[in-house]
Amino acid sequence: MNVGVHHLTSNPTEAWRELSRFQRVIKVHVKAPKSDVLANKVRFVCMSDTHSLTPHIKFDIPPGDVFVHAGDFTRCGREEEVQEFNNWIGELPHKHKIVIAGNHELSFDRTFTHPLGHSPGGDRCTHTGLSVLDQIPTLGLPKESLEEAIQARHAKDALTNCTYLQDQGVMLYGLKIYGTPWQPEFCKWAFNVPRGEACLRKWEQIPGDTDVLVTHTPPVGYGDLCCSGVRAGCVELLATVQQRVRPRYHVFGHVHEGYGITTDGKIIYINASTCDLNYLPTNPPIVFDVALPAGVTKDHFP
Ligand code: MN
Ligand code: MN
């Protein structure tokens, strides 16, 4: 099934007004599984948007098989922040750790770290990075920090304690997990793409047999309502998820105030933002179990 661009794609609030007449959004109030990790189920533990604030987290992080972080693990992607995050995630007990980037990981987006790659023939060499910086809002961060981040060309290499997915999938326990950092344009930070066609191009890369989809942005309508009343989710992501990919779970973050679990009756949408609107890391991880596919045991994946 081909997914097209919605005619109201650039105004997700309006688009949702139209789409929601045919949608069910059910708020799910599930308590995290109380039992121990089960032999016949894969336990996922999801967080997002920790923004270099993990030292201030007061809750316990439950054990599980797969830990997922849906992006914005730093303030701006400075190498030191990435190293701190890597140390923190290295201490977690989960056997598998999946991480994607968000718009705050400036050093993970080649547009910032290798700007010449996007302007062939340009000879502004050493200063191009700074001109990129002049074009984006600082979002309250010191300009020196942003400068440091876009000069950290290999910050990604510091993520040694997890599996980093950027438009990639990984198979765990017979389940396909796919991760992608892109989001509809927002303050021109990392991994921004214009709404509509350009976003859809990114979502077309998601394999149709994905079981657990991890994106930084929410789809429109599910966990994307900003406190201003505006919807920030992607219209084409919802269409892709509902009409083509149909994962069992869709995990994301980005809109901090959209934290929580919703469903359309088939797919479960998880906004795992740890930080709230005021950048306080107060929301606990969201935990769910997925049954192992027939014939698969955990021992096959030590
Ligand atoms: Mn965030
Ligand atoms: Mn974000």
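Asp 49 has a relative accessibility of 0% and therefore counts as buried, a word used here for residues under 20% relative accessible area, while exposed means over 50% and partly exposed lies in between (1.4 Å probe, protein chains only). His 51, at 1% relative accessibility, is buried as well. This is a predicted model, in which local features need pLDDT of at least 70 and side-chain atom pairs count only at pLDDT 80 or more, whereas totals for chains, interfaces and linings use all residues. Residues are numbered from 1 along each chain as its sequence is written, chains are lettered from A and ligands numbered from 1 in the order in which they are written, and side-chain values use heavy atoms, with hydrogens and water left out.

Asp 49 (OD) and His 51 (NE2) belong, together with Asp 72 (OD) and His 256 (NE2), to the protein donors of the manganese ion (ligand 1), at 2.1 to 2.3 Å from it. Donors are N, O and S atoms within 2.8 Å of the metal (3.2 Å for Na, K and Ca), and because water is not among the atoms, sites may look incomplete. Along the chain, the donors of ligand 1 follow the spacing D-x1-H-x20-D-x183-H. The manganese ion (ligand 2) has as its protein donors Asp 72 (OD), Asn 103 (OD1), His 216 (NE2) and His 254 (ND1), again 2.1 to 2.3 Å from the ion, and their spacing is D-x30-N-x112-H-x37-H. The two manganese ions are 3.6 Å apart, and Asp 72 coordinates both. Asp 72 and His 254 link distant parts of the chain, since Asp 72 sits in the loop between S3 and H2 and His 254 in the loop between strand S11 (249-252) and strand S12 (260-263), 182 residues apart. Both of these residues are buried. The helices (H or I, at least four residues) and strands (E, at least two) named here are DSSP runs, numbered from the N terminus.

Helix H2 can be checked against a simple expectation, in which the span is 1.5 Å times one less than the number of residues. For the 13 residues of H2 (residues 79-91) this gives 18 Å, and the end C-alpha atoms are 19 Å apart, which agrees. Within H2, the residues Glu 81, Val 82, Phe 85, Asn 86, Trp 88 and Ile 89 are buried. Seen down the axis of the helix, the buried residues fall within an arc of 165 degrees, so they line one face of H2; the arc is that of the directions from the helix axis to the C-beta atoms. The face turned away from this buried side carries the exposed residues Asn 87 and Glu 91. Among the elements that cover the buried residues are strand S2 (41-47), strand S3 (66-69) and strand S4 (96-99).

Side chains of opposite charge can pair when their charged atoms come close. A salt bridge is counted when a side-chain nitrogen of Lys or Arg lies within 4 Å of a carboxyl oxygen of Asp or Glu, and by this rule there are twelve salt bridges. One of them joins Asp 289 and Arg 43 at 2.7 Å, N to O, and this pair links distant parts of the chain, with Asp 289 in strand S14 (residues 286-291) and Arg 43 in strand S2, 246 residues apart. Arg 43 is buried because its relative accessibility is 4%. Another salt bridge is formed by Lys 143 and Asp 134, whose closest N and O atoms are 3.1 Å apart; here Lys 143 is partly exposed at 36%, and Asp 134 is exposed, with a relative accessible area of 58%. A network of salt bridges links Arg 78, Glu 80 and Glu 148.

Most residues other than glycine have a negative phi, and most peptide bonds are trans. Ser 52, although not a glycine, has a positive phi of about 60 degrees; Ser 52 is found in the loop between S2 and S3 and is buried at 12% relative accessibility. Leu 139 also has a positive phi, near 50 degrees, and lies in the loop between helix H4 (128-134) and helix H5 (143-151), where Leu 139 is partly exposed, with a relative accessible area of 38%.

Conventions
Contact = heavy atoms within 4.5 Å.
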